[in-house]
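Subject: Structure handover

Hello,

Here is the structure we discussed. Please open it alongside this note. My findings follow below.

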Amino acid sequence: QIKTTGHANALLLDVRTGYPYGTATATLNANEISAWFNNRDKARNLADKNQISTVIKLIPEVQQMMKKLMQDSKQV
């Protein structure tokens, strides 16, 4: 059995000043996605599945980051 982990980060950065407005992180655990070694299709596509699954886990974190930034901007 082949196991994998994934890590994804998002950064909202002001490119003019270099100020980081927010970050988001997601980690895919090894037990959340796996493929059997003898199944060539699953083994071959494991990297793609890992990337997609990790980014899907990152989406709610980015949404949360953006909501916090919007709330903070209303307070200014």
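Start with a pair of alanines: alanine 10 stands opposite alanine 24, which belongs to β3. One caution before the rest: this is a predicted model.

The strand pairing

Alanine 10 falls within strand β2, which covers residues 6-13. Strand β3 covers residues 20-28. The two run antiparallel, and 8 bridges join them. Another facing pair is asparagine 9 and threonine 25, the latter in β3. Together β2 and β3 make a hairpin, with 6 residues between the strands. Look at glycine 18 in the turn: its phi is positive, at about 80 degrees.

The overall picture

The protein has 76 residues. It contains 4 strands and 2 helices. Along the sequence the order is β-β-β-β-α-α. Of the residues, 21% count as buried. The accessible surface is about 6,100 Å². Carbon and sulfur atoms account for 54% of that surface. For contacts, take the pairs at least 6 apart in sequence: 58% of these join residues at least 24 apart.

Threonine 54

Is threonine 54 buried or exposed? Its relative accessibility is 4%, and buried means under 20%, so threonine 54 counts as buried. This residue sits in helix α2, which spans residues 46-75. What does threonine 54 touch, once residues up to four places away in sequence are set aside? The list is Gly6, His7, Ala8, Ala26 and Leu28. Gly6, His7 and Ala8 lie in the range of β2, while Ala26 and Leu28 lie in that of β3. Thus the contacts of this helix residue include positions on both strands of the hairpin.

The nonpolar patch

Which residues form a nonpolar patch on the surface? They are Leu12, Tyr19, Tyr21 and Met66. Together they have about 380 Å² of accessible area.

Two members in more detail:

- Leucine 12 is in strand β2. Its relative accessibility is 32%, so leucine 12 counts as partly exposed.
- Tyrosine 21 is in strand β3. Its relative accessibility is 44%, so tyrosine 21 also counts as partly exposed.

Tyrosine 21 is in contact with Leu12, Asp14 and Leu69, leaving aside neighbours within four places in sequence. Leu12 is therefore both a contact of tyrosine 21 and a fellow member of the patch, which joins nonpolar side chains within 5 Å. How far apart are tyrosine 21 and methionine 66? In sequence, 45 residues separate them. In space, the C-alpha to C-alpha distance is 9.5 Å.

The salt bridge

The count comes to 1 salt bridge. Its partners are the side chains of lysine 68 and aspartate 72, at 2.9 Å from N to O. Why are these two about one helical turn apart? Because they are 4 residues apart in helix α2. Both partners are partly exposed: lysine 68 has a relative accessibility of 48%, and aspartate 72 has a relative accessible area of 31%.

For a quick look in the viewer, I suggest this order:

1. The hairpin of β2 and β3, with glycine 18 in the turn.
2. Threonine 54 and its contacts, among them Ala8 and Ala26.
3. The patch that includes Tyr21 and Met66.
4. The salt bridge between lysine 68 and aspartate 72.

Best wishes

Notes. Residues numbered from 1 in each chain as written. Predicted model: local features only at pLDDT ≥ 70, side-chain atom pairs only at ≥ 80, totals over all residues. Heavy atoms only, no water. Buried < 20%, exposed > 50% of the residue type's maximum accessible area, 1.4 Å probe, protein only. Contact = heavy atoms within 4.5 Å. Areas by Shrake-Rupley, 256 points an atom, 1.4 Å probe, with all protein chains shown as cover. Pairing = 2+ DSSP bridges. Patch = residues over 30% accessible without salt bridge, like charges linked within 9 Å, V, L, I, M, F, W, Y side chains within 5 Å. Salt bridge = Lys/Arg side-chain N within 4 Å of Asp/Glu carboxyl O.
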